[in-house]
Amino acid sequence: MKILMISGDRNSFLAGSSIQSRFSDYGKICKELHIIVFTGRGYNNLTLSGNVFLYPTNSFSRWLYIIDAVFLAKKIPQLDLVTTQDPFESGLAGWIVSMVSGAKLHFQIHTDFLSPYFTKGNFLNRIRIVLARFLLPRADGIRVVSERIKNSLKTKKYKLKTIPVVLPIFTDAKKIMETIPKFDIHKKYPQFDFIILTVARLEKEKDISLSLRLMEKIKNKYPKVGFVVVGGGSEEFNLKLEIKNLKLGNNVIFEGMQSDVISYYKTADLYLCTSFYEGYGLSLIEAALSKCPILTVSAGEAEYALKEGISALICPSRDIECLFSKFSRILLNDGVSKNLTANATAEVLKRLPKDKESYLSEYLKTWESTIFNF
């Protein structure tokens, strides 16, 4: 098979990045994998693993990404399949290429774009919803990363030609479970008796602000509880200003981007997720495999891979009182944590492919079923 993938992840050109490794793995299951990446100026073509080829659009403006991607695709003959990372901008480029080349069209959906929060205050995302409504019925194959997204598509009754296939992001469960922490977060911050952890991009959709408002309530009753946030993003300045306004300077620590997140998961007392929406919620899966108790709102795989009161504590609404009540249960009863972590690990393991080879085999099936209509 000769595959064209259209992506917007510029880390594809970063030597040693996880996405480069992922692309090399995909190259093992096809004859040729050509990847067009939406970029600004200053990138060079790159070859990975002999049969994986990366092409930057080197666009003068983001408004030229689609045109530049289509132009590059015309130089790649005899394509069997065009797969895109979303049914939005890259999806539109992929649809045009498939129309011109005759290749089958395959969409991947990594975000819960049908969440009501996806378009809240975001005009561009409203346009993306319109694009998705037009493009998805034209796809020959669709891969989604979670049951939540699949069910959302079903609820909206999109007239699809194909049934979406659920295949999450690959997670090396064995590696996570066998990893020995390189440090103990409690020794790093001995001033805290109990440490809450969040691993997330500091962007609006992650709603770290809700976590901070929860921390304000927690601090007033339990002053020795700390909140450690691992990640970076455009909202960092605003969040730090909020920390100052809420007088949380002694209780909240921003760690920035970290390469070793597993040591954080494995030595924290609680993992907290307050995202407006998640496509998959990889951090929840990583926390479960690291045996870190989970407190979350309903997002991503919460309520699908995890069950309220059994493998996680889940608030169906974004209510601080609910979150505080469930937090208190964990703080005051260590037995709750032990039961949650054991059940969460077992539940997540049931849903994950046992190894990378099994995962790649499932991934190949999503391509083959699109090309050969089975």
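Buried means under 20% relative accessible area, exposed means over 50%, and partly exposed is in between (1.4 Å probe, protein chains only). This is a predicted model, where local features need pLDDT of at least 70, side-chain atom pairs count only at pLDDT 80 or more, and totals for chains, interfaces and linings use all residues. Residues are numbered from 1 along each chain as its sequence is written, and side-chain values use heavy atoms, with hydrogens and water left out.

**Exercise 1. Find isoleucine 67 and decide whether it counts as buried or exposed.**

Step 1: Go to helix 2 (residues 65–73), where isoleucine 67 is found. Helices here are DSSP runs of H or I with at least four residues, strands are runs of E with at least two, and both are numbered from the N terminus.

Step 2: Check the cover. Isoleucine 67 has 54% relative accessibility, so it counts as exposed.

**Exercise 2. Work out which strands pair with strand 4, and how.**

Step 1: Recall the rule: two strands pair if DSSP finds at least two bridges between them.

Step 2: Take strand 2 (residues 32–37). It runs parallel to strand 4, and 5 bridges join the two. One of the links is between valine 37 and proline 56 of strand 4.

Step 3: Now take strand 3 (residues 46–48), which pairs with strand 4 in the antiparallel sense over 3 bridges. Here leucine 46 has leucine 54 of strand 4 as its bridge partner. The hairpin of strands 3 and 4 has 3 residues between the strands, and in it serine 49 takes a positive phi near 55°.

Step 4: Look at the cover on strand 4 (residues 52–56): 4 of its 5 residues are buried.

**Exercise 3. Place strand 4 in its sheet and say which strands stand at the edges.**

Step 1: Read the order of the open sheet, 3-4-2-1-5-6-7-8; that makes 8 strands, with mixed pairing.

Step 2: Check the ends. Strand 3 and strand 8 (165–166) each have a single partner strand, so one side of each has no neighbour in the sheet.

**Exercise 4. Classify the ring pair of phenylalanine 183 and tyrosine 264, then do likewise for phenylalanine 324 and phenylalanine 327.**

Step 1: Get the cut-offs. Rings of Phe, Tyr and Trp (its six-membered ring) pair if their centres lie within 6.5 Å; planes under 30 degrees apart are stacked, over 60 edge-to-face, and the rest tilted. The structure holds 20 aromatic pairs.

Step 2: For phenylalanine 183 and tyrosine 264, the centres are 4.9 Å apart and the planes are at 80°, so this pair is edge-to-face. Phenylalanine 183 sits in the loop between helix 6 (173–178) and helix 7 (185–188), while tyrosine 264 is in helix 10 (residues 262–267), so the pair ties together parts 81 residues apart in sequence. Phenylalanine 183 is partly exposed at 26% relative accessibility, whereas tyrosine 264 is buried at 1%.

Step 3: For phenylalanine 324 and phenylalanine 327, the centres are 6.5 Å apart and the planes are at 40°, so this pair is tilted. Both belong to helix 12 (residues 320–332), and because they are 3 residues apart, about one helical turn separates them. Phenylalanine 324 is buried at 13% relative accessibility, and phenylalanine 327 is buried at 0%.

**Exercise 5. Find which residues threonine 345 touches beyond its neighbours within four places in sequence.**

Step 1: Locate threonine 345 in helix 13 (residues 334–351). With a relative accessible area of 4%, threonine 345 is buried.

Step 2: Count a contact when heavy atoms are within 4.5 Å. Leaving those sequence neighbours aside, threonine 345 is in contact with Met177, Ala288, Leu289 and Lys291.
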